[in-house]
Structure formats: structure tokens, C-alpha cells
Amino acid sequence: MEETLVQKDSDCLKVVVYGPESTGKTTLAQQLAAYFNTQWVPEFARNYLQEKYDNCSEACEQEDLIPIAKGQIAAENRLAPKANRVLFIDTNVLQTYTYAQVYYEGFTSKVFEEVIKAHQYDLYLLTYIDTPWEEDDLRDKPQEREYMYKVFKASLEVNEKPYQVLKGTKQKRLEKAIAMVENLLKEHGK
């Protein structure tokens, strides 16, 4: 596997905030990092694609997928050594691959599949679609939220990733996520 796609070893637990667009992932990742006094990894694709849209009014294309994956992994590798027991990750390569499979019908990639299999995460927090839709330049599937949720859930199950679903208000989600992460830390003696 190419060096820029390798997940470096670290002592911290890794929790991915994962799910369809406009379901509160960034907010939750920031809140959890603040609560646990640790680091969080922003979604690399958001800034990358916003800059592309601002510069040339273009959306994501297949040739953007590997640079997005490399940027996301680099950010995770850079922040993991600075984490306090747990690192929160606002989406990861599995999220990018899942989107690619929806947007580019029939899309497959040995590179993505190898990365997804090789990278280890302790928990995925799957955010449900019961949050209000927030429009922006990049979001484009407000009528397909239920379908997208099912796609993201299925991707976790097919890839045998450990996950828990988060529903309810921002406060309820945060409280549930905190309890899950505290249990995870206890299980791992951290």
C-alpha cells in the first residue's frame, strides 16, 4: 500500500463520527473532543471540495477521491500522537468510498478496499437523519436522506465495523456518545 495511505500506529483509541450529510457529524466530533480534552480530525473533503467549488464551480469528480483519502489519512496521522486517550474523526476513508459508490454507480477501487480493511477504528458513531437539513454549496441530497442512511449503515455492516447509532437532539446524542466512549475507554484500560 502506498505510504500516504497507511494509517500509523498510535496509542489512542479512534472513534469515527460517520453518516450521511447534514446529520451533525462535525458538531458532535468537536463536542466530544472538547469533553474529553483531546483532538478531533476535521473532514478533509469538505475544505478540499469547497475550495474546488469556489475556484471553478465544480463538484467532486472521481479523480478527487484519492487526494481526499490521502488528505484525510494525513490529518489523522498528524493528530493521533497529540490525542489524549481518544481521537475523534469526522468521517474517514470508508465514508469517502461509500459516497463514491453512490455518486459513481458501479465504482469500485482495490486501493480503497485495501485501506478500509487495513485501517483500524474502535467505534463508529452512525448519525441518524433526525437533524434538520442545512443547505450549503456541497450538500445535494435532501430528499434522499433515508436512502443515504441505509447505504451508510450497510457499508458498516458489510465491512464488519463496530458501530452504534445516534438519534435524537444534539444534547441526547452527545450524552449517549459520551457514555459509549467512556465505556470504550474503560474496556481498554485508558
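This is a short talk on one protein chain and how its parts fit together.

Good morning, everyone. A word of caution to begin. The model is predicted. Let's start with the whole chain and then move inwards.

The chain has 190 residues. It contains seven helices and five strands. What order do they come in along the sequence? The pattern reads β-α-β-α-α-β-α-α-β-α-β-α. Now the overall build. The radius of gyration is 16 Å, close to the 16 Å that the globule rule gives for 190 residues, so the chain is as compact as a globular protein of that length. Put a box around the C-alpha atoms, along the principal axes, and it comes to roughly 45 × 40 × 30 Å.

How much of the chain is buried? The figure is 48% of the residues. Next, look at contacts between residues at least 6 apart in sequence. Of these, 78% join residues at least 24 apart.

On to the sheet. Here is some background. Strands of a sheet pair through backbone hydrogen bonds, either parallel or antiparallel. Which is it here? In this model the pairing is parallel. Five strands form an open sheet, and their order is β2-β3-β1-β4-β5. At the edges sit β2, residues 40-41, and β5, residues 163-166. Each of these two pairs on one side only.

Take one pair as an example. Strand β4 covers residues 123-127, and four bridges join it to β5 in the parallel sense. Where does Tyr-124 find its bridge partner? That partner is Tyr-163, in β5.

Now a helix. Please find α4, residues 93-103. Eight of its eleven residues are buried, so α4 is largely enclosed by the rest of the structure. Which residues are they? They are Val-93, Leu-94, Gln-95, Thr-96, Tyr-97, Thr-98, Tyr-99 and Ala-100. What do these buried residues pack against? Their partners are β1, α1, α3, α5, β4 and α6. Keep α4 in mind. We will meet this helix again.

Next, empty space. Rolling a probe the size of a water molecule over the atoms shows where empty space is left. We start with a pocket. The second largest pocket holds about 260 Å³ of space. Its lining has 14 residues, and nearest the centre lie Tyr-97, Gln-101, Ser-155, Val-158 and Asn-159. Three helices, α4, α5 and α6, each give at least two residues to this lining. Which one gives the largest share? Helix α4 does, with five residues. By class, the pocket lining has seven nonpolar, four polar and three charged residues.

Now the cavities. There are two of 30 Å³ or more. The largest has a volume of about 60 Å³. Its lining is made up of Thr-23, Gly-24, Thr-27, Leu-28, Gln-31, Lys-170 and Arg-173. Helices α1, residues 25-35, and α7, residues 170-187, each give two or more of these. The most come from α1, with three residues. By class, this lining counts one nonpolar, four polar and two charged residues.

The second largest cavity holds about 40 Å³. Around it are Asn-92, Val-93, Leu-94, Val-115, Ile-116, His-119, Tyr-121 and Tyr-124. Here is α4 again: α4 and α5 each supply at least two residues of the lining. What classes do we find? This lining has six nonpolar, two polar and no charged residues. Tyr-124, from our bridge example, is one of the lining residues.

Let's finish with two single residues.

First, Thr-131. It sits in the loop between β4 and α6. Is Thr-131 buried or exposed? Buried means under 20% relative accessible area. Thr-131 has 12%, so it is buried. Leaving aside neighbours within four places in sequence, Thr-131 touches Ser-22, Thr-23, Gly-24, Arg-145 and Arg-173. Among these, Thr-23, Gly-24 and Arg-173 also line the largest cavity.

Second, Phe-44. This residue lies in helix α2, residues 44-56. Its relative accessible area is 29%, so Phe-44 counts as partly exposed. Beyond neighbours within four places in sequence, Phe-44 is in contact with Pro-67, Ile-68, Gly-71 and Gln-72. How far is Phe-44 from Asp-9? Their C-alpha atoms are separated by 20 Å, and the two residues are 35 apart along the chain.

That's the tour. Thank you.

Methods. Residues are numbered from 1 along each chain as its sequence is written. This is a predicted model: local features need pLDDT of at least 70, side-chain atom pairs count only at pLDDT 80 or more; totals for chains, interfaces and linings use all residues. Side-chain values use heavy atoms; hydrogens and water are left out. Two strands pair if DSSP finds at least two bridges between them. On a 1 Å grid over the protein atoms alone, a cavity is a set of points where a 1.4 Å probe fits but cannot get out, and a pocket is an open set with protein on both sides within 12 Å along at least five of seven lines; lining residues have an atom within 4 Å of a point. Grid points are joined across faces, edges and corners, and a volume is the space filled by probe spheres set on the points. Ala, Val, Leu, Ile, Met, Phe, Trp, Tyr, Cys and Pro count as nonpolar, Asp, Glu, Lys and Arg as charged, and the others, Gly among them, as polar. The radius of gyration is taken over C-alpha atoms; the globule rule is 2.2 Å times the number of residues to the power 0.38. Buried means under 20% relative accessible area, exposed over 50%, partly exposed in between (1.4 Å probe, protein chains only). Contact means heavy atoms within 4.5 Å.
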